[in-house]
Every structure is written in C-alpha cells, then in structure tokens.
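Welcome! Please take a look at the structure below, then work through the exercises that follow at your own pace.

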Amino acid sequence: MRTLKTTLSLILLTMMIGINYSFTRITEKIDGHPTKSVYGSTTYKTIEVNGLDIFYREAGSKNKPTILLLHGYPTSSHMFRNLIVQLSNDYHVLAPDYPGYGRSEQPLMSEFDYTFDNMAIIVEGFLEALKVKKFSVYLMDYGAPVGFRIASKYPDRIESLLIQNGNAYEEGITDFWNPLKKYWNDYSVENGKALEGFHNIDGLKWQYTNGVKDVSKISPDNWQIDLQHLTRKENNEIQLAMFYDYRTNIQLYPKWQKYLRDHQPPTLIVWGKNDNIFPAEGAHPYKRDLKNIEFHLLDTGHFALEDKGDEIANYILNFLKKNNIK
C-alpha cells in the first residue's frame, strides 16, 4: 500500500511539473526557425506619478533594452497582453495605462485636464519614476501623439520607433474624421453627442472587427474589458474631451515630421491596411522623412495585434536585432 501511494505521488508530481512547464515555456519562432525559450513573467503594478496611481504591465530583465508600449483609444495596456510576453525574453517591456483608462486612476475632470499634453507629461513622469533613460517606443492610435510629444522633446532617448496605425501626417486624416472636425469647429453638446457611439458596445466591437478577414479570431473580451473603464462615472465626458483635444495633434504634425527628418530614428511600420480610422494613406508619408525605415502593410484592421500579433512580434524582434538594439 505504501509503495502504491509513493508511486501515485511520484506520478502526480511529474504531471504537475509537466503542466507548469507547459504553461510557462513558450518557443518563439523567427522566420520559421525556433529560437531560445521565452518565459512569460508579466507583472502587474501601480506607481504614483504626479499624485496619480498609474497601473502598468512589466516583463523582462531591466538589464536589457526597454520597449515602451503606448496604447490607443478606447483600450489600455490590455491590448499588449500577448506582445509583452513575445518580447520579454529579449527586452524589458513596459506598458502603462493613461489616467482614465484601464486600471489607472481616473481623477475628476475638475482636478485633471484630459489632454494629450497631460497624457505625455504622465508618461514622462512614469519613465522618470522607473529610471528609464533610453527606450524604443510602440506608437498606436492615441499612443502616437503621446509618444511623439516625448520623442520630439527627448530625441536622444529614443532608440527606435515601432509604429502601428499611429498617425503623424494629414494624409491620414480622411473622411472618417469629418464628425470630429465638426466638433473641433463647433464645441457643442450636440456635436459631442454624435461621437458617443464610438464608445458604446457596438462602436467598440466595430473598432476591433472592421477590416479583419476572420472576426472569429477576435476575442469579445476586448470590448467588454474596455467597457469597464468607459462606463465609469464621468468617463464619457473624458473621452469627448480627448476627442476635442485631438485637434492639437494635427497642429503638431509639422514639428513631429521635422523631428523624424532631423534625428532619423530607426523606424518599423507595421500597419493594418484595412483600418478606416487611420488608413494606409497615413502610413506611406513616413517614407518621405525617414531613411532607415522598414515598412509592412498587413491585411487587417485598426487593432492589428489581435489577429496579426505573431507576425508583428517577429517583425519587431528582427528589426531591433538588425539595428543592434539588443
């Protein structure tokens, strides 16, 4: 009987080790060839920045080059949940939530101006608090105007740009933006009301699925998770404030383009070409101003990571190594 118990205990222990190993060990492939193992070890933390509690995801060794992932509207660092793991074997990866998004604190509008300038100040403070001096930055949607403010202010700190459906050229502001332009020109309740559909459940689902060939690959958890912060008290007004402030980004496009021309950061473009919000027309102009640019249009929509995540991760890893950021 004792022998049987011992045997069963050994079998159970072996199974537990195998299960644990299968969950933590991930084999990465680049160009179809297996590389060394990746160990998923994302941590979830909160840090105080300028008096606000900022939530962030972190993975990888701090002794390796840092990649800063800046999320778009209407989501949070959740959009990078898979990419973080895919990059963390080779890089130190950070993905914060902006105030009013995800799990970061949402101060009252009477106490905090929800503008892109202020979001950039928060991200600057976040980097300072974590003592990050140099980094590559992933720019997506709202992450582009936040990141370009920082990059153009501290060009020597930027090791590379990783741009996914992040606009910096007027060619990318197409007819989709007409209702927002109307709001910019007439900041009225009526014109704001017309934009609220973007952050109801149907509008959220559309942003994730439009332009995607196989929508069964897109998890409904995405828009349900986004809805948790969007339905907080005052958050609708916060989103409208950010919509209105977006006009300030377009005014800064010439400054950001000059930054690109003057400093020539190595740049990877991985762009969902079927995106109606930031269409491919906004991707091509980067080639005018940059010499060291790798350019990929992907057959997907706005949130390209949702169905092209493996492809994008491989492009990033290859690009960074090619540019000796390792």
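Contact means heavy atoms within 4.5 Å. Helices (H or I, at least four residues) and strands (E, at least two) are DSSP runs, numbered from the N terminus. This is a predicted model, in which local features need pLDDT of at least 70 and side-chain atom pairs count only at pLDDT 80 or more, while totals for chains, interfaces and linings use all residues. Residues are numbered from 1 along each chain as its sequence is written, and side-chain values use heavy atoms, with hydrogens and water left out.

**Exercise 1.** Find out how many residues of helix 9 are buried, and which helices they pack against.

*Solution.*
Step 1. Start with the cut-offs: buried means under 20% relative accessible area, exposed over 50%, and partly exposed in between (1.4 Å probe, protein chains only).
Step 2. Helix 9 spans residues 235-245, and 10 of its 11 residues are buried, so by this definition the helix is mostly covered.
Step 3. Among the buried residues are Ile 238, Leu 240, Met 242, Phe 243 and Tyr 244. The list also includes Asn 235, Asn 236 and Asp 245.
Step 4. Now look at the partners: the buried residues of helix 9 pack against helix 3 (116-129), helix 5 (178-185), helix 6 (189-193), helix 8 (221-230) and helix 10 (247-263).

**Exercise 2.** Locate the salt bridge of Arg 81 and say which parts of the chain it links.

*Solution.*
Step 1. A salt bridge is a side-chain nitrogen of Lys or Arg within 4 Å of a carboxyl oxygen of Asp or Glu. In general, side chains of opposite charge can pair when their charged atoms come close.
Step 2. A search of the whole structure finds 10 salt bridges.
Step 3. In one of them, Arg 81 pairs with Glu 306, with the closest N and O atoms 3.0 Å apart.
Step 4. This pair links distant parts of the chain, 225 residues apart: Arg 81 sits in helix 2 (residues 81-87) and Glu 306 in helix 12 (residues 305-322).
Step 5. Arg 81 is partly exposed at 22% relative accessible area, whereas Glu 306, at 15%, counts as buried.

**Exercise 3.** Work out how far apart in sequence the partners Lys 258 and Asp 262 are, then do likewise for Arg 261 and Asp 289.

*Solution.*
Step 1. Lys 258 and Asp 262 form a salt bridge whose closest N and O atoms are 2.5 Å apart.
Step 2. Both belong to helix 10 and are 4 residues apart, which means about one helical turn separates them.
Step 3. Arg 261 forms a salt bridge with Asp 289, at 3.3 Å between the closest N and O atoms.
Step 4. Arg 261 lies in helix 10 and Asp 289 in helix 11 (residues 286-289), so this pair ties together parts 28 residues apart in sequence.
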